[in-house]
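Student: I've got this protein model open and I'd like to zoom in on one part of it. Could you take me through one helix closely, and then show me how the rest fits around it?

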Amino acid sequence: MNTAARRIGRTLALVLPVVLVLSGTLAVTRVPWASPSSESQILTASSDRASTHATHRAPHELLRDRLLAELQEKNPSVALTHLQTATAERPSLAQHCASIARALGRAAVAKYGGVSRAQAYARPVCDTSFASGITQAYR
């Protein structure tokens, strides 16, 4: 009986580390490395499509894209309110406020198909750049 216990112990001593290493390796390759809001991604060490450099987007570009999406989902008034709030919270975004407001104005004309309906949402955010964007889109 003593030899059987030793044999089982030796087998476990050899097999258990191999099983633990393999299960740990498989667990790491299944971790979603992206942010929780993006789709789940599987990363493998031998991926042929692996990116060699990361793309970094500026905060004002992220804000612009988020506000344009919000304009499409809701209305320009909501997006302009959030633009005003964002520039008040982060003064570094104030220098980009006019260009973002103009982009929102152009997007409002595209969404509503005309100047008059888009103009109804105009407010003096960033020195009336929203209205300027509306007129740019009309030309």
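Tutor: Sure, let's pick helix α2. In α2, the residues H60, L63, L67, E70 and L71 are buried. Around the helix axis they cover an arc of only 100°, which puts them on the same side of α2. There's a handy rule behind that kind of pattern: an α-helix has 3.6 residues a turn, so residues three or four places apart point the same way. Now turn to the face of α2 that looks away from the buried side, and you'll find the exposed residues R66 and E73. What covers the buried residues? Helices α3 and α4 are included in that cover.

How about the length of α2? With 15 residues at 1.5 Å a residue, α2 should span 21 Å, and its end C-alpha atoms are 21 Å apart, which agrees.

Before going further, keep in mind that this is a predicted model. How much confidence does α2 get? Among the elements of the protein chain, α2 (residues 59–73) has the highest mean pLDDT, 92, while α1 (residues 2–29) has the lowest, 78. Over the protein chain the average is 79, and 76% of the residues score at least 70. Where pLDDT is low, the predicted coordinates should not be read in detail.

Let's step back for a second to see where α2 sits. The protein chain has six helices and zero strands, so to speak a run of α-α-α-α-α-α from the N terminus on. Of its 139 residues, 22% are buried. Take the contacts between residues at least 6 apart in sequence: 61% of them join residues at least 24 apart. As for the outside, the protein chain exposes about 10100 Å², with carbon and sulfur atoms supplying 58% of it.

Now to α3, one of the helices that cover the buried residues of α2. Helix α3 runs over residues 76–89, and its 14 residues reach 20 Å from first C-alpha to last, close to the 20 Å expected at 1.5 Å a residue. Its buried residues are P76, A79, L80, L83, A86 and T87. They cover an arc of only 125° around the axis, which puts them on the same side of α3. The face of α3 turned away from that buried side carries A88 and E89, both exposed.

Have a look at the start of α3 too. A side-chain oxygen of N75 comes to within 2.9 Å of the backbone nitrogen of S77 there. S77 also has a partner in space from much further along the chain: A120 is 43 residues away in sequence, yet the two C-alpha atoms are 9.3 Å apart. A120 itself is in the loop between α5 (115–119) and α6 (129–138), and at 63% relative accessibility A120 counts as exposed.

Stay with α3 a moment longer and find T87. Is T87 buried or exposed? T87 is buried, because its relative accessible area is 15%, below the 20% cut-off. Leaving out residues up to four places away in sequence, T87 touches L93, A94 and C97.

C97 takes us into α4, where it is one of the buried residues. The buried list of α4 also includes I100, A101, A103, L104 and Y112. The 16 residues of α4 should span 22 Å at 1.5 Å a residue, and the end C-alpha atoms are 22 Å apart, which agrees. Just after α4 comes G113, with a positive phi of about 75°.

Two residues show how α4 and α6 meet. V109 sits in α4 (residues 97–112) and is buried, with a relative accessible area of 11%. Setting aside residues up to four places away in sequence, V109 touches G114, A118, I134 and A137. V109 and I134 are 25 residues apart along the chain, but their C-alpha atoms are separated by 6.1 Å. Coming from the other side, S129 belongs to α6 and counts as buried at 6% relative accessibility. Apart from neighbours within four places in sequence, S129 is in contact with A98, A101 and R102.

So here's the path to retrace on screen: begin at the buried side of α2, go on to α3 and α4, which are part of its cover, and finish at V109 with its contact to I134.

Terms used. Residues are numbered from 1 along each chain as its sequence is written. This is a predicted model: local features need pLDDT of at least 70, side-chain atom pairs count only at pLDDT 80 or more; totals for chains, interfaces and linings use all residues. Side-chain values use heavy atoms; hydrogens and water are left out. Helices (H or I, at least four residues) and strands (E, at least two) are DSSP runs, numbered from the N terminus. Buried means under 20% relative accessible area, exposed over 50%, partly exposed in between (1.4 Å probe, protein chains only). Contact means heavy atoms within 4.5 Å. Accessible areas come from the Shrake-Rupley method with a 1.4 Å probe; for residues, only the protein chains shown count as cover. pLDDT is the predictor's confidence in each residue, from 0 to 100. The expected span of a helix is 1.5 Å times one less than its number of residues. The arc is that of the directions from the helix axis to the C-beta atoms. A polar contact is a pair of N or O atoms within 3.5 Å; within protein, one must be able to donate a hydrogen and the other to accept it, and residues adjacent in sequence count only if both atoms are side-chain atoms.
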